[in-house]
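Welcome! Let's take a short walk through one protein model, a piece at a time. Keep the picture open as you read.

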Amino acid sequence: MSTISNKEIARFLLDAELERKDVVRITSDKVPNLNVEDAYLIQEELVKLKLKEGHSIVGPKMGLTSLAKMKQMNVEEPIYGYIFDNMVVPDGGTISLSDFIHPKVEAEVAFILGKDIEGPSISGAQVLAATEYVCPALEIIDSRYENFNFTLPDVIADNASSSKVVFGNTVRKPEELDLELIGTVLSINGEIKDLGAGAAVLGHPANSVAMLANMLHRKGEKLTAGQVILTGGITGAVHLSYGDYVSAKLDGLGEVHFSVGE
Ligand code: 0L1
Ligand code: MG
């Protein structure tokens with residue numbers, strides 16, 4: 001039987017993040033029988049620690065939203081985590097490779113809510129009606145686990161590998177775009193690394209927000225006006241290296257970019 005508390009595990013994962021040191025997945029030794037529900041309790045402790053350190057939540061993020069990733073992890077439902085204010089990098093800014101363990105980047109659409117959304121049974125159409133704006137985003141994920149080697153509960157406890165995010169400066173009303181078809185190209189140093197359409201995210205990025213609202217409802221929580229929500233990768237996640245210039249172009253939403261320094 002495990003004697004380590006959720007708070008201690010959260011502290012262990014947060015220390016790995018702060019020290020930029022990868023660790024063995026927690027299900028290999030600390031909590032071998034960890035299930036999804038308990039993993040979210042560890043994530044809650046991690047969120048509390050970050051709030052205690054003075055950071056504030058920008059909004060939740062959805063992860064593992066592509067069919068390929070869900071198949072790879074053998075799951076039928078995506079996962080969520082939280083983005084904090086200290087994770088936001090300005091558009092066109094530079095990140096330092098030394099602040100990460102093994103960062104990867106993926107292109108996403110972010111939703112900025114104009115109204116609260118409370119599950120259950122929320123649909124994509126209801127999400128679109130409650131959304132003020134959408135904008136392009138580049139999410140930088142950085143699992144705290146060695147070689148991104150984790151099970152589903154491990155990655156949930158680790159705040160869904162959240163690390164940094166760059167939001168683009170172009171905002172549009174969702175009705176001005178066809179988010180199902182929104183073409184997205186992710187390039188590094190001018191070379192296309194991956195591409196996709198909005199439908200790669202659960203058929204439509206709004207479905208991702210709807211699913212999130214319904215998942216949060218199970219815990220008695222809701223999405224609130226003003227939150228900025230990352231809906232999940234339209235492209236796959238690509239490893240970053242020193243000197244990279246990363247850009248994503250999303251049809252009708254313009255470009256978002258950043259550079260990788262030392
Ligand atoms: O944002 C994401 O889809 C990443 C979720 C966690 C899985 C990973 O680290 O690859
Ligand atoms: Mg993501």
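## One side of a helix

This is a predicted model, and our tour begins with helix α1. In α1, the buried residues are Ile9, Ala10, Leu13, Leu14, Ala16 and Glu17. They all sit on the same side of α1, because the arc they cover around the axis is only 155°. What do they pack against? The buried residues of α1 meet two other helices, α2 (36–52) and α5 (152–157).

The helix itself has 14 residues. From its first C-alpha to its last, α1 reaches 20 Å, close to the 20 Å expected at 1.5 Å a residue. After α1 comes Arg20, a residue with a positive phi, near 50°.

## Two residues of α1

Let's look at Ala10, which lies in α1 (residues 6–19). Is Ala10 buried or exposed? Ala10 counts as buried because its relative accessibility is 0%. Setting aside residues up to four places away in sequence, Ala10 touches Ile42, Glu45, Leu46 and Leu49. For a sense of distance, try finding Thr27: Ala10 and Thr27 are 17 residues apart in sequence, and their C-alpha atoms are 13 Å apart in space.

Glu17 also belongs to helix α1. Why does Glu17 count as buried? Its relative accessibility is 19%, and buried means under 20%, so Glu17 counts as buried. Apart from neighbours within four places in sequence, Glu17 is in contact with Lys50 and Arg144. With Lys50 there is a polar contact too: the two side chains are joined at 2.9 Å.

## A strand covered on both faces

Now turn to strand β5 (residues 104–113). How many of its ten residues are buried? The count is ten of ten, so β5 is mostly covered. On one side you can find Lys104, Glu106, Glu108, Ala110 and Ile112, and on the other Val105, Ala107, Val109, Phe111 and Leu113. Both faces of β5 are covered, and the residues on each of them are all buried.

## The partners of β5

Which strands pair with β5? One is strand β6 (residues 131–141), which pairs with β5 in the antiparallel sense over ten bridges. Here Lys104 stands opposite Ile141 of β6.

Strand β11 (residues 238–239) also runs antiparallel to β5, and two bridges join them. Lys104 turns up again in this pairing, with His239 as its bridge partner in β11. Strand β10 (residues 228–230) is joined to β5 by three bridges, again antiparallel. There, Phe111 has Ile229 of β10 as its bridge partner.

## Around the ligand

Finally, find ligand 1. Which residues are around it? They are Lys61, Gly63, Leu64, Lys69, Glu106, Glu139, Ile141, Phe148, Phe150, Val155, Ala160 and Ser161. Some of these names link back to earlier stops: Glu106 is one of the buried residues of β5, and Ile141 is the residue of β6 opposite Lys104.

Three of the surrounding residues are worth picking out in the picture. Lys61 has a polar side-chain atom 2.8 Å from an oxygen atom of ligand 1. Ser161 also uses its side chain, with a polar atom that lies 2.6 Å from an oxygen atom of the ligand. For Leu64, the atom is in the backbone: a polar backbone atom of Leu64 is 3.0 Å from an oxygen atom of ligand 1.

Technical notes. Residues numbered from 1 in each chain as written. Chains lettered and ligands numbered in written order. Predicted model: local features only at pLDDT ≥ 70, side-chain atom pairs only at ≥ 80, totals over all residues. Heavy atoms only, no water. Helix = DSSP H or I, 4+ residues; strand = E, 2+ residues; numbered from the N terminus. Buried < 20%, exposed > 50% of the residue type's maximum accessible area, 1.4 Å probe, protein only. Contact = heavy atoms within 4.5 Å. Expected span 1.5 Å × (residues − 1). Arc of directions from axis to C-beta. Polar contact = N/O pair within 3.5 Å; in protein donor to acceptor, adjacent residues only side chain to side chain. Pairing = 2+ DSSP bridges. Near = heavy atom within 4 Å.
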